Amino acid sequence: MKKFLTIIVLSLLWSSNIYSQNLKFTKIVNLDNPWGSSFINDYELIVTEKEGKIKIVNLKNKSISIVEHNLNFLVDGQGGLLDIIYKEEYFWISYTENRGNHKTSTSIARGKLNKDKVNFKNIFQANPPINSGYHFGSRLAIKDNYLFASIGERGQGMIAQDFTKHPGSIIRIHLDGSIPKNNPKFEKKKDWLPEIFQIGVRNPQGLTLSDFDKKIYLSNHGAKGGDWFGEAKKGENYGWKILGWGGKNYTGTPIGPKWKPGFTKAIHYWVPSIATSAITIYKGKEFNAWNGHALITSLKDKSLRKLIFNNLSDVKEEVIFKNKIGRIRDIQVHPSTGKIYFLSQDSLWLMEKAKL
């Protein structure tokens with residue numbers, strides 16, 4: 001048994017080293033605690049910084065321009081400006097909105113760029129507002145005319161089981177903020193809030209659309225262990241805080257089982273936690289062997305991991321690299337080249353194949 005485990009460990013180390021040796025990392029620009037990013041075109045990337053700035057990075061000449069905005073945000077613990085996504089002249093942004101009396105919410109606004117300014121208008125507020133600096137989520141993903149967003153449970157635990165409140169859920173609205181008539185409330189979940197698509201998540205900081213199967217996937221922070229990667233499923237429940245997903249409370253006390261029937265089962269779990277952040281389902285030319293595979297970024301062990309999950313009974317994980325660029329907050333695949341861009345805690349990085 002020991003010999004078998006040793007072979008597995010050596011195999012993982014070998015594959016990780018092979019990847020690292022064949023990769024080239026280039027720092028593009030320095031940034032200040034960046035959080036979310038989105039390609040505007042082949043050479044411009046829009047970036048949010050948690051403390052309140054929105055910047056456009058020109059990848060050709062490495063210049064940075066500041067985008068003025070009117071968001072009523074509050075930097076509070078893990079909160080501030082969060083994710084941003086661009087499509088057809090519009091930007092959608094998730095952020096920590098100042099709701100007064102020390103209360104905040106994960107809110108979403110939409111706006112158009114006019115020269116160097118965006119006049120954002122709210123299209124969603126997570127209610128109720130809560131006095132907490134924890135677990136805002138929040139990633140955005142677009143599928144057709146739907147906007148999906150992950151809303152953290154703000155450290156409130158069982159609020160994620162309360163379908164009359166937004167914290168701890170995946171929401172789905174139209175791109176203009178209107179509510180889809182085929183959301184769970186209008187079908188089998190009449191007591192749910194109309195924006196809620198799925199409940200029972202803790203602090204989901206990864207959300208993406210797969211161009212291969214057209215499904216929405218997410219990653220979620222557990223507590224002390226219990227991070228996971230899974231599919232967003234309409235009207236279902238991931239179980240927080242009934243389930244612990246293999247993790248424990250930070251005090252060391254147990255939370256609940258990893259999974260039990262009646263709840264959505266994740267595709268892959270991490271125990272101990274790797275502090276999952278952003279995810280993408282790779283599609284591109286630079287790393288064409290990775291097409292259709294999930295790329296998972298980590299804050300805690302500063303790694304990029306690849307999941308091959310076409311066979312759910314035999315999910316394969318590979319560590320692509322660790323400790324190359326620091327804590328990784330976001331990942332974007334270039335729409336034309338397939339090269340990969342990362343936001344670390346203080347920089348924008350490019351990863352491409354090394355020329356041997």
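Begin by selecting strand 11, residues 137-143, in this predicted model. Six of the seven residues of strand 11 are buried, and the strand is accordingly mostly covered.

Next, add strand 12, residues 146-151, to the selection. Strands 11 and 12 run antiparallel and are joined by five bridges. To inspect the register of this pair, display Gly-137 of strand 11 together with Ile-151 of strand 12, which stand opposite each other. Then move to the turn: two residues lie between the strands of this hairpin. One residue of the turn to select is Asp-144, whose phi is positive, at about 55°.

Now proceed along the chain to strand 19, residues 276-281. Is strand 19 enclosed by the rest of the structure or open? Because six of its six residues are buried, strand 19 is largely enclosed by the rest of the structure.

Add strand 20, residues 294-298, which runs antiparallel to strand 19 and is joined to it by four bridges. Two facing pairs may be displayed here. Ile-281 is opposite Ala-294 of strand 20, and Ile-279 is opposite Ile-296 of strand 20.

Finally, extend the selection to strands 21 and 22 in order to view an open sheet of four strands, arranged 19-20-21-22 with antiparallel pairing. Strand 19 and strand 22 (316-322) occupy the edges; each has a single partner strand, so one side of each is left without a neighbour in the sheet. From one strand to the next, the twist of this sheet averages 20°.

Methods:
Residues are numbered from 1 along each chain as its sequence is written. This is a predicted model: local features need pLDDT of at least 70, side-chain atom pairs count only at pLDDT 80 or more; totals for chains, interfaces and linings use all residues. Side-chain values use heavy atoms; hydrogens and water are left out. Buried means under 20% relative accessible area, exposed over 50%, partly exposed in between (1.4 Å probe, protein chains only). Two strands pair if DSSP finds at least two bridges between them. Axes are lines fitted to C-alpha atoms, for helices over the stretch in contact, and angles run from 0 to 180 degrees between N-to-C directions.
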